[in-house]
Amino acid sequence: MDRTSPVPLYFQLSQQLEAAIERGTLTPGSLLGNEIELAGRLGLSRPTVRQAIQALVEKGLLVRRRGVGTQVVHSQVKRPLELSSLYDDLEAAGQRPATTVLANRIEPASAEVAAALGVPEGAEVRYVERLRFAHDEPMARLRNHLPLGLLDLDTELLEATGLYRMLRTAGITLHSARQKVGARAATGVESELLTEEPGAPLLTMERTTFDDTGRAVEFGSHVYRASRYAFEFQLLVRP
């Protein structure tokens, strides 16, 4: 702790604990001990420790359990906003991704889907719905529409890998995407699937992905648990 810094001690402590959780030094399930023990060990006041812990509880990185103490939970997944798949990003972050396929069928394209994929409304398209997990926790509900005949979307393979990886394996070069990010409250179905309270905040993302010929190859409409997930932006200043 830098006691000469204008940064409050509670904030310094919360930042150090958060960094330790992100690095894996404090692993999920680890106990921090009670506030009195922590305050004595760190040479800080109990209110300072309590405020630092509360800040991380509010971020979803720590949880207070009656009779157990303050416990580390899985760190929030921070995904860069770039043309990559959630599966690949989770795998790269060591988050042990897993998938349950909820639907894999052919259906007529709605007006929205038709406009995104550049096909006539009512044309047959492939619809895939998946529940994506990290460390055995549900993270996102993923819904994708693809042009019919683009590739064979085997359900077993969809549960073993990511959609973008399957597209690349099929020889499709992903080139660019048009994406929209938002937020809304969880519906009853979503709260049940994602183990959140009804009305809990969810992050939303809609993405239309194009190959190197300019053809739309998939339209995704996804929701993510805001308590466990965040998008990261890198902003550049225009000269």
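Over how many bridges do strand S8 (residues 201-211) and S9 pair, and in which sense? The legends below take that up, along with other close-ups of this predicted model.

**View 1. The S8 and S9 hairpin.** Strands S8 (residues 201-211) and S9 pair over 9 bridges, and they do so in the antiparallel sense. Look for Thr 209, which stands opposite Glu 218 in S9. The hairpin has 4 residues between its strands, and Gly 214 there takes a positive phi near 90°. Strand S9 itself spans residues 216-225 and is mostly covered, with 9 of its 10 residues buried.

**View 2. The whole sheet, strand by strand.** Stepping back, 6 strands make up an open sheet, and reading across gives S4-S5-S6-S9-S8-S7, with antiparallel pairing. S4 and strand S7 (174-185) sit at the edges with a single partner strand each, so one side of each has no neighbour in the sheet. From one strand to the next, the twist averages 15°.

**View 3. S5 between S4 and S6.** Strand S5 (residues 124-134) is mostly covered: 9 of its 11 residues are buried. Start with S4 (residues 97-108), which pairs with S5 in the antiparallel sense over 11 bridges. To find your bearings here, pick out Val 101, whose bridge partner in S5 is Arg 130. Then turn to S6 (residues 137-147), where the pairing with S5 is again antiparallel and runs over 10 bridges. A handy marker for this pairing is Phe 133, whose bridge partner in S6 is Pro 138. S5 and S6 form a hairpin with 2 residues between them, and His 135 in the turn has a positive phi of about 50°.

**View 4. Where S6 meets S9.** These two strands pair in the antiparallel sense over 6 bridges. Zoom in on Arg 141 and you'll find its bridge partner in S9, Val 223.

**View 5. Leu 131 and its surroundings.** Leu 131 is found in strand S5. How much of this residue is accessible, in relative terms? Leu 131 has a relative accessible area of 6%, so it counts as buried, the cut-off being under 20%. Leaving out residues up to four places away in sequence, Leu 131 touches Ala 98, Thr 99, Thr 100, Leu 102, Ala 140, Arg 141, Leu 193 and Leu 194. Arg 141 is worth a second look, being the residue whose bridge partner in S9 is Val 223. For a sense of scale, try His 222: Leu 131 and His 222 are 91 residues apart in sequence, yet their C-alpha atoms are 10.0 Å apart in space.

**View 6. Helix H1 and the glycine after it.** H1 covers residues 9-23, which is 15 residues, and reaches 21 Å from its first C-alpha to its last. That is close to the 21 Å expected at 1.5 Å a residue. Which residues of H1 are buried? They are Gln 12, Leu 13, Ser 14, Leu 17, Glu 18, Ala 20 and Ile 21. Just past the helix, have a look at Gly 24, which follows H1 and has a positive phi, near 90°.

How values were computed: Residues are numbered from 1 along each chain as its sequence is written. This is a predicted model: local features need pLDDT of at least 70, side-chain atom pairs count only at pLDDT 80 or more; totals for chains, interfaces and linings use all residues. Side-chain values use heavy atoms; hydrogens and water are left out. Buried means under 20% relative accessible area, exposed over 50%, partly exposed in between (1.4 Å probe, protein chains only). Two strands pair if DSSP finds at least two bridges between them. Axes are lines fitted to C-alpha atoms, for helices over the stretch in contact, and angles run from 0 to 180 degrees between N-to-C directions. The expected span of a helix is 1.5 Å times one less than its number of residues. Contact means heavy atoms within 4.5 Å.
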